[in-house]
Amino acid sequence: MTRIPMVGGNWKMHLDGRAAATLAGEIAAGAGGVEGSVDLAVFPPHPYLGVVSAAAGDSGVVTGGQDVSDEPSGAFTGQVAASMLVDSGCTMTLVGHSERRHGLGEDDVLLSRKVRTALDEGLRVLLCVGETLEQRDQGKTFDTVLGQVRGSLALVNTDDLACVDLAYEPVWAIGTGRTAGPAEAQEVHAALRSELGSRYDARSAARIRILYGGSVKPANAAELMACEDVDGALVGGASLQAESFLDIARAAARRE
Ligand code: PGA
């Protein structure tokens, strides 16, 4: 089964409005070079979603939220509803990034509700999973990530799965300059796909995209993208420059 890879730029809490619009415009201008062979998405801070969507225009570069509330609306100070993301031009959202799981203590019960709420609003979900260094050293990598997938997708049925992408992001590789080697990434991606095959069905598992994230750079993108079960990248630091982000996109587009 051919899966069109996706390369997403997670801008985290960086840039200002003007820089975000400029970066989105530069990425949009370069997107034509990979059109049809890789899907591109950017995840700016919430206040810049509107300007970024406008700057991306009809380039095909999709805008997504970095997080979403598990509630559809109401008295939830500081939270952003899925409908508000849609209203700001988003068609996607991240859920469960490690800086929220580990940094802010979000657990799988909460994340499963966020996934459900986002899907109900028609958003695509890019669900992130990954183990800490301690969990890896204790030999708990597979238990951890498979448990996160089971828990966070608890409210997702087989039909919904067509609107879900996964990202495997080992916590010890995020922003550290350390990446999982291609073999390390591939074995976790394969395990995730097999888990989805048991929980849903083989066809859905073969179709779902599993991105890799954690210090992906132009220099290491090609070898990661060459892995059979790696279907693109979620990029933090290297997504803040259009050229390095587009270089990674080109590496993903070339994978065979
Ligand atoms: P990084 O971040 O590429 O800077 O390691 C990846 C991420 O957090 O999604």
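This is a guided tour of the structure above, stop by stop.

**Before you start**

This is a predicted model, in which local features need pLDDT of at least 70 and side-chain atom pairs count only at pLDDT 80 or more, while totals for chains, interfaces and linings use all residues. Residues are numbered from 1 along each chain as its sequence is written, and side-chain values use heavy atoms, with hydrogens and water left out.

**Stop 1: the whole protein**

Show the cartoon. The protein has eleven helices and eight strands; helices (H or I, at least four residues) and strands (E, at least two) are DSSP runs, numbered from the N terminus. The radius of gyration is 17 Å, close to the 18 Å from the globule rule for 256 residues, so the protein is as compact as a globular protein of that length. That radius is taken over C-alpha atoms, and the rule is 2.2 Å times the number of residues to the power 0.38. Turn the C-alpha trace along its principal axes: the spans are about 45 × 45 × 35 Å.

Switch on the surface. About 10700 Å² is accessible, and 51% of that belongs to carbon and sulfur atoms. Areas come from the Shrake-Rupley method with a 1.4 Å probe; for residues, only the protein chains shown count as cover. Of the 256 residues, 52% count as buried. Buried means under 20% relative accessible area, exposed over 50%, and partly exposed in between (1.4 Å probe, protein chains only).

Now colour by charge. There are 22 positive and 34 negative side chains, and the centres of the two sets lie 2 Å apart. Lys and Arg count as positive, Asp and Glu as negative; His and the chain ends are not counted. Each charge is placed at NZ of Lys, CZ of Arg, CG of Asp or CD of Glu.

Contact means heavy atoms within 4.5 Å. Among contacts with a separation of 6 or more, 74% join residues 24 or more positions apart.

**Stop 2: strand β5**

Select residues 124-129, strand β5. Five of its six residues are buried, so the strand is largely enclosed by the rest of the structure. Two strands pair if DSSP finds at least two bridges between them. Add strand β4 (residues 92-95): β4 and β5 pair in the parallel sense over four bridges. Pick Met92, whose bridge partner in β5 is Arg124. Then add strand β6 (residues 164-168), which runs parallel to β5 and is joined to it by five bridges. Here Val125 stands opposite Val164.

While side chains are on display, recall that in a regular strand they alternate between the two faces of the sheet.

**Stop 3: strands β1 and β2**

Select residues 39-43, strand β2. Four of the five residues are buried, so β2 is largely enclosed by the rest of the structure. Strand β1 (residues 6-10) pairs with β2 in the parallel sense, over five bridges. Asn10 stands opposite Phe43 in β2.

Step back to Ile4, in the segment before β1. Is Ile4 buried or partly exposed? Ile4 is partly exposed, at 40% relative accessible area. Beyond its neighbours within four places in sequence, Ile4 is in contact with Gly36, Ser37, Val38, Asp39 and Arg209. Draw a C-alpha to C-alpha distance from Ile4 to Gly25: they are 21 residues apart in sequence and 23 Å apart in space.

Go on to Lys12, in the loop between β1 and α1 (17-31). Its phi is near 50°, a positive value in a residue other than glycine. Lys12 counts as buried at 17% relative accessibility.

**Stop 4: strand β7 and the loop beyond**

Select Ile210 in strand β7. Ile210 is buried, at 0% relative accessibility. Which residues does Ile210 touch, not counting those up to four places away in sequence? They are Leu166, His189, Leu192, Arg193, Asp229, Val230, Asp231 and Gly232. Leu166 is 44 residues away along the chain, yet the two C-alpha atoms are separated by 4.7 Å.

Next comes Ser215, in the loop between β7 (210-213) and α10 (218-225). Its phi is near 55°, again a positive value in a residue other than glycine. Ser215 is buried, at 10% relative accessibility.

**Stop 5: two helix serines**

Select Ser204 in helix α9 (residues 202-207). Ser204 is buried, with 11% relative accessible area. Leaving aside neighbours within four places in sequence, Ser204 is in contact with Thr158 and Leu161.

Finish at Ser244, in helix α11 (residues 242-254). Ser244 is buried too, at 15%. With neighbours within four places in sequence left aside, Ser244 is in contact with Pro218 and Ala238.
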